[in-house]
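Open the model in your viewer and keep the selection panel at hand. Follow the stops in order, selecting as you go.

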Amino acid sequence: MRASIQPIALVFRNARLRRLQLAWAGSSLGSCAYLIAIAVVAFRSGGAGAVGLIMLVRTATAAVAAAPLAALADRYPRRRVMAVSDLVRAVLTAALAVVTQIDAPIAVVYVLAAAIAMVATVFRP
């Protein structure tokens, strides 16, 4: 047991690693909350089929966009690519919240969800 806890303790003693891990945890939590939120919106608009459709649209868009966006992202410094990706995703997510609140057509939600998935493809690599 001690051997498995020791690396975790080492990370949390290092301030930079601690901040990095906490930021990653917050980002992961936000991504999961976002996926649940769009699933709920889709379910309310069209049931389980709509949830499957919005997830398919997100996945297909990201898959198609990944290669060209990766080639484009490789031309710029990684930190800048990550920062721009996060900023664009934040703006798109805020727009998604607004269109959901004003009961915009579900197609707008699908387009924004697809755009968020597309922009996210450059962040992780």
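Select Ser-27 first. This residue sits in helix α2. The model is a predicted one, and every value on this tour is computed from it. Is Ser-27 buried, partly exposed or exposed? Ser-27 is partly exposed, because its relative accessibility is 36% and the partly exposed class runs between 20% and 50%. Now add Thr-61 to the selection. Thr-61 is 34 residues away from Ser-27 along the chain, and their C-alpha atoms are 21 Å apart.

**The largest pocket**

Keep Ser-27 selected and add Ser-31, Arg-89, Phe-123 and Arg-124. Of the 24 residues that line the largest pocket, these five are the closest to its centre. How much space lies in this pocket? The answer is about 700 Å³.

Next, colour the helices that build the lining. Select 15–73 for α2, 78–101 for α3 and 106–120 for α4; each of them supplies at least two residues of the lining. Which helix gives the largest share? That is α2, with 14 residues.

Then colour the lining by residue type. You should find 11 nonpolar residues, 8 polar ones and 5 charged ones.

**Arg-89**

Stay at the pocket and centre on Arg-89. Its helix is α3. Is Arg-89 buried or exposed? Arg-89 is buried, because its relative accessible area is 16% and buried means under 20%. Show what surrounds this side chain. Leaving out residues up to four places away in sequence, Arg-89 touches Ile-116, Val-119, Ala-120 and Phe-123.

**Phe-123**

Move to Phe-123, one of those contacts of Arg-89. Phe-123 lies in the segment after α4. Which residues does Phe-123 touch, not counting those up to four places away in sequence? They are Met-82, Ser-85, Asp-86 and Arg-89. Add Ala-73 as well. Phe-123 and Ala-73 are 50 residues apart along the chain, yet 9.1 Å separates their C-alpha atoms.

**Along helix α3**

Select the whole of α3. This helix has 24 residues. From its first C-alpha to its last, α3 reaches 34 Å, close to the 34 Å expected at 1.5 Å a residue.

Now pick out its buried residues: Val-81, Ser-85, Arg-89, Leu-92, Leu-96 and Val-99. What covers them? The cover includes α2 and α4. Turn both helices on and look at how they sit over α3.

**The loop after α3**

Step past the end of α3 to Asp-103. This residue belongs to the loop between α3 and α4. Asp-103 is exposed, because its relative accessibility is 68% and exposed means over 50%. Check its backbone too. Most residues other than glycine have a negative phi. Asp-103 is not a glycine, although its phi is positive, at about 55 degrees.

**Ile-106**

Go on to Ile-106, in helix α4. Ile-106 counts as partly exposed, because its relative accessibility is 31%. Which residues is Ile-106 in contact with, leaving aside its neighbours within four places in sequence? They are Val-41 and Ser-45. Add Phe-43 to the view. Along the chain, Phe-43 and Ile-106 are 63 residues apart. Their C-alpha atoms are separated by 11 Å.

**Zoom out**

Clear the selection and show the whole protein as a cartoon. How many helices and strands are there? There are 4 helices and 0 strands. Read along the sequence, the pattern is α-α-α-α.

Rotate the model to view its overall dimensions. Along the principal axes, the C-alpha atoms fill a box of roughly 50 × 40 × 25 Å. The protein has a radius of gyration of 17 Å, while a compact globule of 125 residues would have one near 14 Å.

Colour by accessibility for the next view. Buried residues make up 24% of the 125 residues.

Finish with the contacts. Take those with a separation of 6 or more: 62% of them join residues 24 or more positions apart.

Conventions. Residues are numbered from 1 along each chain as its sequence is written. This is a predicted model: local features need pLDDT of at least 70, side-chain atom pairs count only at pLDDT 80 or more; totals for chains, interfaces and linings use all residues. Side-chain values use heavy atoms; hydrogens and water are left out. On a 1 Å grid over the protein atoms alone, a cavity is a set of points where a 1.4 Å probe fits but cannot get out, and a pocket is an open set with protein on both sides within 12 Å along at least five of seven lines; lining residues have an atom within 4 Å of a point. Grid points are joined across faces, edges and corners, and a volume is the space filled by probe spheres set on the points. Ala, Val, Leu, Ile, Met, Phe, Trp, Tyr, Cys and Pro count as nonpolar, Asp, Glu, Lys and Arg as charged, and the others, Gly among them, as polar. Buried means under 20% relative accessible area, exposed over 50%, partly exposed in between (1.4 Å probe, protein chains only). Contact means heavy atoms within 4.5 Å. The expected span of a helix is 1.5 Å times one less than its number of residues. The radius of gyration is taken over C-alpha atoms; the globule rule is 2.2 Å times the number of residues to the power 0.38.
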